[in-house]
Amino acid sequence: MRKRKRSFGSDHEEHIDESWLIPYADLLTLLLALFIVLYAASTIDKEKYQSIMESFQSELTGTKIANEQAGLSPTPPSPELGKGLPEQNNNDKDLDVLKHQLESYINTNGLEDKVSLRDTKKGIEVSLKEVVLFDSGKAELKERSYKTLNGIVGLINTVPNPISIEGHTDNVPAYNTIYSSNWELSAARAASVLHYFESHKVAPKRMQFSGYGEYKPLYPNDTDQHRQANRRVTIVILRNR
């Protein structure tokens, strides 16, 4: 007699292997992330895009991307710092040109005995004797000084450098009802030149003035000629350093 095969249909339920869904879902997630990154790439800067792509690569491959910026300053150098040296070189060239222009102006107008020029570490110094600018003991500019100052201010405005205006006197005390000492007189004279420059479109933020009185003479105050040379206003076009 044949044996009847036992049917397991009602006793055992067959299960489908769905373990492949996990890597498939991961792949879909990564593809979605890729499309998001590509879409966002047009609206972010290059550095952020590179960072996102490295993170994405790290997640995709399971490897850590080396940080090329390790050990460097997190703050990028300022563009001004990178341009510092060329700008200074260009500025020095501009001052050299200005010096030659001032020399030409002084020689062309026969001002060699009244206006002197020096190129120093501090800057280009233009010294005008008292007789060019002021009457003795006064700080109001003489009208005939305007022509000389106009030529100088026109050349000064060709460069952006800061300007220091310095007043100097001899050692003869300034006793009058307005100025009680050479300090006040020298400072007032420097301020008069500053205000004249301001009225001729030199930017106020570029300028400063100081009064040195008798304490920075060019020569000993032992002769009339030396004292006359010490009474001066010096316009210094400062170097950008």
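**A colleague's note on the chain above**

1. The chain exposes an accessible surface of about 17100 Å², and 55% of that belongs to carbon and sulfur atoms. Please keep in mind throughout that this is a predicted model. Of the 241 residues in the chain, 30% are buried.

2. On the overall layout, the chain has 8 helices and 5 strands. Reading from the N terminus, the order of elements is α-α-α-α-β-β-α-α-β-α-β-α-β. If we take the contacts between residues at least 6 apart in sequence, 67% of them join residues at least 24 apart.

3. Helix α7 is a good place to begin a closer look. It covers residues 182-199, and at 1.5 Å a residue its 18 residues should span 26 Å; the end C-alpha atoms are 26 Å apart, so the helix agrees with that expectation. At its start, a side-chain oxygen of S181 comes to within 3.3 Å of the backbone nitrogen of W183. Just after the helix, K201 adopts a positive phi of about 70 degrees.

4. Which residues of α7 are buried? The list is N182, L185, S186, A188, R189, A190, A191, S192, V193, L194, Y196 and F197. As for their partners, the buried residues of α7 pack against two helices, α5 (130-133) and α6 (146-156), and against the strands β3 (163-168), β4 (207-211) and β5 (232-238).

5. H200 deserves a point of its own. This residue sits in the loop between α7 and β4, and H200 counts as partly exposed because its relative accessible area is 29%, between the cut-offs of 20% and 50%. Setting aside residues up to four places away in sequence, H200 touches N150, V153 and N157. With N150 there is also a polar contact, side chain to side chain, at 3.4 Å. H200 and N150 are 50 residues apart in sequence, yet their C-alpha atoms are 8.1 Å apart in space.

6. Now to the charged pairs. Side chains of opposite charge can pair when their charged atoms come close. The structure holds 8 salt bridges. One of them joins D119 and R239, whose closest N and O atoms are 2.3 Å apart. This pair links distant parts of the chain: D119 belongs to strand β1 (residues 115-119), R239 to the segment after β5, and 120 residues separate them. The two ends differ in exposure: D119 is partly exposed, at a relative accessible area of 35%, while R239 is buried, at 16%.

7. A second long-range bridge brings together the side chains of E130 and R231, at 2.8 Å from N to O. Here E130 is in helix α5 and R231 in the loop between α8 (224-230) and β5, so the pair links distant parts of the chain, 101 residues apart. E130 is buried, with a relative accessible area of 10%. The same two residues take part in a network of salt bridges that links E130, D170, R189 and R231. R189 also appears among the buried residues of α7.

8. For a local example, look at R227 and D224, a salt bridge whose closest N and O atoms are 2.6 Å apart. Both residues lie in helix α8, 3 residues apart, or about one turn of the helix. An α-helix has 3.6 residues a turn, so residues three or four places apart point the same way. D224 is exposed, with a relative accessible area of 59%.

9. Is N161 buried or exposed? At 0% relative accessibility, N161 counts as buried, although the residue is placed in a loop, the one between α6 and β3. A polar atom of the N161 side chain lies 2.8 Å from the backbone oxygen of L238. Beyond its neighbours within four places in sequence, N161 is in contact with N91, L95, R206, I237, L238, R239 and N240. R239 in that list is also the partner of D119 in a salt bridge.

10. Finally, a point about the surface. L27, L28, L31, F35 and L38 form a nonpolar patch there, with about 480 Å² of accessible area together. One of these residues, F35, lies in helix α1 (residues 21-40). F35 counts as exposed because its relative accessible area is 55%, over the cut-off of 50%.

Note on methods
Residues are numbered from 1 along each chain as its sequence is written. This is a predicted model: local features need pLDDT of at least 70, side-chain atom pairs count only at pLDDT 80 or more; totals for chains, interfaces and linings use all residues. Side-chain values use heavy atoms; hydrogens and water are left out. Helices (H or I, at least four residues) and strands (E, at least two) are DSSP runs, numbered from the N terminus. The expected span of a helix is 1.5 Å times one less than its number of residues. Buried means under 20% relative accessible area, exposed over 50%, partly exposed in between (1.4 Å probe, protein chains only). Contact means heavy atoms within 4.5 Å. A polar contact is a pair of N or O atoms within 3.5 Å; within protein, one must be able to donate a hydrogen and the other to accept it, and residues adjacent in sequence count only if both atoms are side-chain atoms. Patches are made of residues with over 30% relative accessible area and no salt bridge: like charges are joined within 9 Å, nonpolar side chains (Val, Leu, Ile, Met, Phe, Trp, Tyr) within 5 Å. Accessible areas come from the Shrake-Rupley method with a 1.4 Å probe; for residues, only the protein chains shown count as cover. A salt bridge is a side-chain nitrogen of Lys or Arg within 4 Å of a carboxyl oxygen of Asp or Glu.
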